[in-house]
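The following exercises concern the pockets and the strand pairing of a single protein chain. Each task is followed by a solution in steps.

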Amino acid sequence: MEESAVSQSRDEHLLYRLPGYLLRRAAQAWMGRLAERLSALDLRISDASALLLIGERKDMTSSEIGKNLDIKRANMVPLLGRLEARGLIVRAPIDRKSQAVVLTRAGREYLNKVRVITSGLEQDLLAAIPDPHRDHFIPSMRALLEIDPE
């Protein structure tokens with residue numbers, strides 16, 4: 001079947017007129033591309049996201065990381081354990097009760113590689129959006145995230 005015939009049948013299909021379906025499919029496709037690129041570093045998307053977040057501050061606790069990434073506490077333990085086992089993060093005391101999760105030298109080197117990969121993917125993603133829609137893309141995505149699910 002020719003590409004145009006496939007595209008036309010998709011455009012006519014009910015699911016391809018549903019914004020929620022399209023949003024999910026687009027997210028899956030792009031996350032798959034990101035996962036493939038990060039596999040060169042032997043990182044999961046959640047690992048890379050944590051490195052990006054940890055790299056922004058030197059006083060972030062594991063609890064704050066979990067809240068920012070919307071990852072449950074039970075899943076944070078193995079995620080941080082993987083990064084710690086690879087020597088990418090360490091814990092440093094903030095005060096008597098709290099510990100920050102900070103990047104090691106190796107973690108900072110990995111973070112730079114993660115930034116190159118994610119930046120490349122972001123450029124590819126925006127390039128895939130037709131010019132007249134690019135300026136509206138990020139505000140539209142933010143608007144969807146800010147909706148109160150009640």
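**Exercise 1.** In this predicted model, determine which residues lie nearest the centre of the largest pocket, and which element gives the largest share of its lining.

*Solution.*
1. The lining of the largest pocket comprises 34 residues, and those nearest the centre are Ala27, Trp30, Leu125, Phe137 and Met141.
2. Two or more lining residues come from each of α1 (3-12), α2 (19-38), α3 (45-54), α6 (105-128) and α7 (131-145).
3. Among these helices, α2 gives the largest share, 12 residues.
4. The pocket has a volume of about 1400 Å³, and its lining consists of 26 nonpolar, 2 polar and 6 charged residues.

**Exercise 2.** Establish which residues line the second largest pocket and how they divide by class.

*Solution.*
1. The second largest pocket has a volume of about 200 Å³.
2. Its lining is formed by Ser62, Ser63, Gly66, Lys67, Ile71, Arg73, Met76, Val77, Leu80 and Arg91.
3. At least two of the lining residues are supplied by each of α4 (62-69) and α5 (73-85).
4. By class, 4 are nonpolar, 3 polar and 3 charged.

**Exercise 3.** Describe how strands β1 and β2 are joined, and state whether they run parallel or antiparallel.

*Solution.*
1. Strand β1 covers residues 89-93 and strand β2 residues 99-103; they run antiparallel, with 5 bridges between them.
2. One residue pairing in this arrangement is that of Ala92 with its bridge partner Ala100 in β2.
3. The connection from β1 to β2 is a hairpin of 5 residues.

How values were computed. Residues are numbered from 1 along each chain as its sequence is written. This is a predicted model: local features need pLDDT of at least 70, side-chain atom pairs count only at pLDDT 80 or more; totals for chains, interfaces and linings use all residues. Side-chain values use heavy atoms; hydrogens and water are left out. Two strands pair if DSSP finds at least two bridges between them. Helices (H or I, at least four residues) and strands (E, at least two) are DSSP runs, numbered from the N terminus. On a 1 Å grid over the protein atoms alone, a cavity is a set of points where a 1.4 Å probe fits but cannot get out, and a pocket is an open set with protein on both sides within 12 Å along at least five of seven lines; lining residues have an atom within 4 Å of a point. Grid points are joined across faces, edges and corners, and a volume is the space filled by probe spheres set on the points. Ala, Val, Leu, Ile, Met, Phe, Trp, Tyr, Cys and Pro count as nonpolar, Asp, Glu, Lys and Arg as charged, and the others, Gly among them, as polar.
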